[in-house]
Amino acid sequence: MNKTVLLVEDEPGLVASLKKELQFENYQVLTATDGLAALTAFNKNRHLIDLIILDWMLPKLDGLGVLRRIRRDYDVPIIMLTARDYTGDKVAGLTGGADDYVTKPFDIEELLARITAVLRRPRQTLASYQIYQLDDLTLDTQKRRISRGKHNIQLTQREYNLLTEMFKVPGKVFTRNELLDLVWGSEFEGDPNIVDVYIRYLRNKIDKFPECKKLIHTIRGVGYSLTDD
Ligand code: CA
């Protein structure tokens, strides 16, 4: 079966050339030229769509807004296109839960390689539903619900993936590179410090309650561990 890509881009020239290249690589291509149209197209065809290529700067609703709305409920792979080459924006894009991003202007071969890589990454399937528990921290992968005692916790997709990986082996000390591979994929070429940034985000959500024990531990010079010891 051919994979279907939703291409969200407002520059007509780029839409035409990307569409042609993607079709040449045997992808089915759906297009949307603004943020609201992207949400409509996604909602109408979400059972079909295997991957979204999402421009950042879009009319009506920008790419980050689209990303956040889709990510609230769906784990569909998303690659962002951005003309901005600032670290802050890159981090914000990742926070919103994009799987990868490509900075404009880009080489079509590079985008195609990223698409292949992202589509190859394993995603969570129905068969892998689980409830993880450590002290009073609970993660229910079916309901995608995280709680700490009586507090419900909202995580972004990336924070969720990071916590899930650590939850699979409580007490294990993960090196930064291990977490990078597990959560960002071995093709990730950005700054590995992104792991520290996300550990900090997770701590601020999970270990912030004064009545609760700290569960995310830094093992100096080695990495991080999720443990109640
Ligand atoms: Ca644009």
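**Exercise 1. Decide whether Tyr-198 is buried or exposed in this predicted model.**

Solution. Tyr-198 has a relative accessible area of 0%. Buried means under 20%. Tyr-198 is therefore buried.

**Exercise 2. Do the same for Trp-184: buried or exposed?**

Solution. The relative accessibility of Trp-184 is 1%. The cut-off for buried is under 20%, so Trp-184 counts as buried.

**Exercise 3. Count the aromatic pairs, then classify Tyr-132 with Phe-167.**

Solution. The structure holds 5 aromatic pairs. Start with the distance: the ring centres of Tyr-132 and Phe-167 are 5.4 Å apart. Rings pair if their centres lie within 6.5 Å. Next, the angle: the planes of Tyr-132 and Phe-167 meet at 15°. Planes under 30 degrees apart count as stacked, so this pair is stacked. Now place the residues. Tyr-132 sits in strand E6 (residues 131-134) and Phe-167 in helix H6 (residues 157-168), so the pair ties together parts 35 residues apart in sequence. Both Tyr-132 and Phe-167 are buried.

**Exercise 4. Classify the pair Trp-184 and Tyr-198, and place both residues.**

Solution. The ring centres of Trp-184 and Tyr-198 are 5.4 Å apart, with planes at 70°, so the pair is edge-to-face. Trp-184 belongs to helix H7 (residues 176-184) and Tyr-198 to helix H8 (residues 194-206), 14 residues apart. The pair thus links distant parts of the chain. Ring pairs also join Trp-184, Phe-188, Tyr-198 and Tyr-201 into a cluster.

**Exercise 5. Find which charged residues lie over the faces of Tyr-160 and Phe-174.**

Solution. Arg-144 lies over the face of Tyr-160, 4.2 Å from the ring centre. Lys-172 lies over the face of Phe-174, 5.0 Å from the ring centre.

Notes
Residues are numbered from 1 along each chain as its sequence is written. This is a predicted model: local features need pLDDT of at least 70, side-chain atom pairs count only at pLDDT 80 or more; totals for chains, interfaces and linings use all residues. Side-chain values use heavy atoms; hydrogens and water are left out. Rings of Phe, Tyr and Trp (its six-membered ring) pair if their centres lie within 6.5 Å; planes under 30 degrees apart count as stacked, over 60 as edge-to-face and the rest as tilted. Helices (H or I, at least four residues) and strands (E, at least two) are DSSP runs, numbered from the N terminus. Buried means under 20% relative accessible area, exposed over 50%, partly exposed in between (1.4 Å probe, protein chains only). A charge sits over a ring if NZ of Lys or CZ of Arg is within 6 Å of the ring centre and within 35 degrees of the ring normal.
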